[in-house]
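The following exercises are intended for a reader who is new to this structure. Each consists of a task and a solution worked out in steps.

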Amino acid sequence: MKLFVGLGNPGQKYARNRHNIGFMAVDRIAEDHGFGPWKSKFQGEISEGRLGSEKTLLLKPQTFMNRSGQSVGEAMRFYKLESTDVVVFHDELDLAPGKVRVKVGGGHAGHNGLRSIHDHIGAAYDRVRLGIGHPGRKEMVSAYVLSDFAKSESDWLDDVLRGVSDGAPHLARDDGGKFMNAVALRTAPPRSSKTAAPKAETACKAPPKPPADERSAMQKLLDKFK
């Protein structure tokens with residue numbers, strides 16, 4: 001069994017925040033793959049279903065971002081899971097908007113949600129880093145992540161969420177490569193190999209030039225009086 005965790009803050013006020021892209025990702029997975037209704041449990045909201053042949057639990061902690069680990073730890077202990085069975089979807093400042101990366105283990109890089117999860121289950125869990133870009137200055141980060149995605153960002157955001165959902169069954173089977181391929185097909189689809197047919201020529205061709213007259217001047221004069 002896999003535990004897919006989306007990070008975010010509860011409540012309509014935060015629903016479209018950049019910090020809530022993790023919630024958005026698991027919501028899309030639940031919708032696209034026919035998961036059961038969301039229920040309140042483990043200080044969060046859970047939904048059960050299957051991704052391919054893998055039974056999967058989706059979790060959205062309702063403890064607010066800074067205490068996400070409380071909810072994740074409860075769910076993991078209840079189902080007797082290892083930390084390696086956990087995949088966390090979260091916003092990533094150090095990736096450009098629309099970029100997605102899979103990471104196995106490692107540090108929390110100052111992300112408060114990951115820091116809390118580290119404190120409760122350790123560092124040996126997988127992450128799906130969902131790029132939102134950086135505002136440019138450290139003092140602007142808090143306001144930036146707690147602001148809504150702009151309307152102009154809706155296209156790439158939808159592509160990312162659909163790609164994550166497309167690849168979720170591969171992720172449940174621990175195949176990060178195929179997951180990333182599925183994301184890429186949405187976010188950077190290959191160009192068509194077909195080339196445009198050459199346009200038909202519409203301009204009239206100039207008539208061919210007559211051959212050059214190579215007769216001598218004397219021959220031309222004699223031919224004239226024939």
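Helix axes are lines fitted to C-alpha atoms over the stretch in contact, and the angle between two of them runs from 0 to 180 degrees between N-to-C directions. The model to which this is applied below is a predicted one.

**Exercise 1. Describe the overall make-up of the protein chain.**

Solution.
- Step 1. The secondary structure consists of seven helices and seven strands.
- Step 2. In sequence order, these elements form the pattern β-α-β-β-β-α-β-β-α-β-α-α-α-α.
- Step 3. The protein chain has 226 residues, of which 42% count as buried.
- Step 4. Among contacts with a separation of 6 or more, 65% are between residues 24 or more positions apart.

**Exercise 2. Determine how the axes of helix α2 and helix α3 are arranged, and which residues meet.**

Solution.
- Step 1. Two packed helices are described by the angle between their axes and the distance between the axes.
- Step 2. Helix α2 covers residues 68–78 and helix α3 residues 112–121; their axes come within 7 Å and cross at roughly 40°.
- Step 3. Angles under 35 degrees count as roughly parallel, and 65 to 115 as roughly perpendicular. The helices α2 and α3 are therefore oblique to each other.
- Step 4. The crossing of α2 and α3 is right-handed.
- Step 5. On the α2 side, S68, G69, Q70, V72, G73 and M76 take part, and they meet G113, S116, I117, H120 and I121 of α3. By class, the residues of this contact are four nonpolar, seven polar and no charged.

**Exercise 3. Carry out the corresponding analysis for α5 and α6.**

Solution.
- Step 1. The axes of α5 and helix α6 (residues 176–187) lie 7 Å apart, and the helices pack at an angle of about 155°.
- Step 2. Angles over 145 degrees count as roughly antiparallel, and α5 is accordingly roughly antiparallel to α6.
- Step 3. The crossing of α5 and α6 is right-handed.
- Step 4. From α5, the residues D159, V160, R162, G163, V164, D166, G167, A168, H170 and L171 meet K178, F179, A182, V183, R186 and T187 of α6. The contact of α5 with α6 divides into seven nonpolar, four polar and five charged residues.

**Exercise 4. Which parts of the chain does the salt bridge between E153 and R18 link, and are its partners buried or exposed?**

Solution.
- Step 1. The search of the whole structure yields nine salt bridges. In one of them the side chains of E153 and R18 meet, at 2.9 Å from N to O.
- Step 2. E153 is in the loop between α4 (141–145) and α5 (154–172), while R18 is in the loop between β1 (2–6) and α1 (21–32); the pair thus links distant parts of the chain, 135 residues apart.
- Step 3. Buried means under 20% relative accessible area. E153 counts as buried because its relative accessibility is 11%, and R18 is buried with a relative accessible area of 8%.

**Exercise 5. Analyse the salt bridges of K60 with E45 and of E92 with R129.**

Solution.
- Step 1. The side chains of K60 and E45 meet with an N to O distance of 3.6 Å. K60 belongs to strand β4 (residues 54–61) and E45 to strand β3 (residues 44–51), 15 residues apart.
- Step 2. K60 counts as buried at 9% relative accessibility, whereas E45, with a relative accessible area of 25%, is partly exposed.
- Step 3. In the salt bridge of E92 with R129, the closest N and O atoms are 3.1 Å apart. E92 lies in strand β5 (residues 86–92) and R129 in strand β7 (residues 126–131), so the pair ties together parts that are 37 residues apart in sequence.
- Step 4. At 10% relative accessibility, E92 counts as buried.
- Step 5. D27, E45 and K60 are joined into one network by salt bridges that share partners.

**Exercise 6. Locate G8 and S142, and state whether each is buried, partly exposed or exposed.**

Solution.
- Step 1. G8 is placed in the loop between β1 and α1. With a relative accessible area of 1%, G8 is buried.
- Step 2. Apart from neighbours within four places in sequence, G8 is in contact with H19, N20, F23, P61, F64 and M65. The C-alpha atoms of G8 and F23 are 5.6 Å apart, with their positions 15 residues apart in sequence counted as separation.
- Step 3. S142 is found in helix α4. With a relative accessible area of 47%, S142 is partly exposed.
- Step 4. S142 and H19 are 123 residues apart along the chain, and their C-alpha atoms are separated by 9.5 Å.

How values were computed. Residues numbered from 1 in each chain as written. Predicted model: local features only at pLDDT ≥ 70, side-chain atom pairs only at ≥ 80, totals over all residues. Heavy atoms only, no water. Helix = DSSP H or I, 4+ residues; strand = E, 2+ residues; numbered from the N terminus. Left-handed = near helix turned anticlockwise from the far one by under 90°. Contact = heavy atoms within 4.5 Å. Nonpolar A, V, L, I, M, F, W, Y, C, P; charged D, E, K, R; others polar. Salt bridge = Lys/Arg side-chain N within 4 Å of Asp/Glu carboxyl O. Buried < 20%, exposed > 50% of the residue type's maximum accessible area, 1.4 Å probe, protein only.
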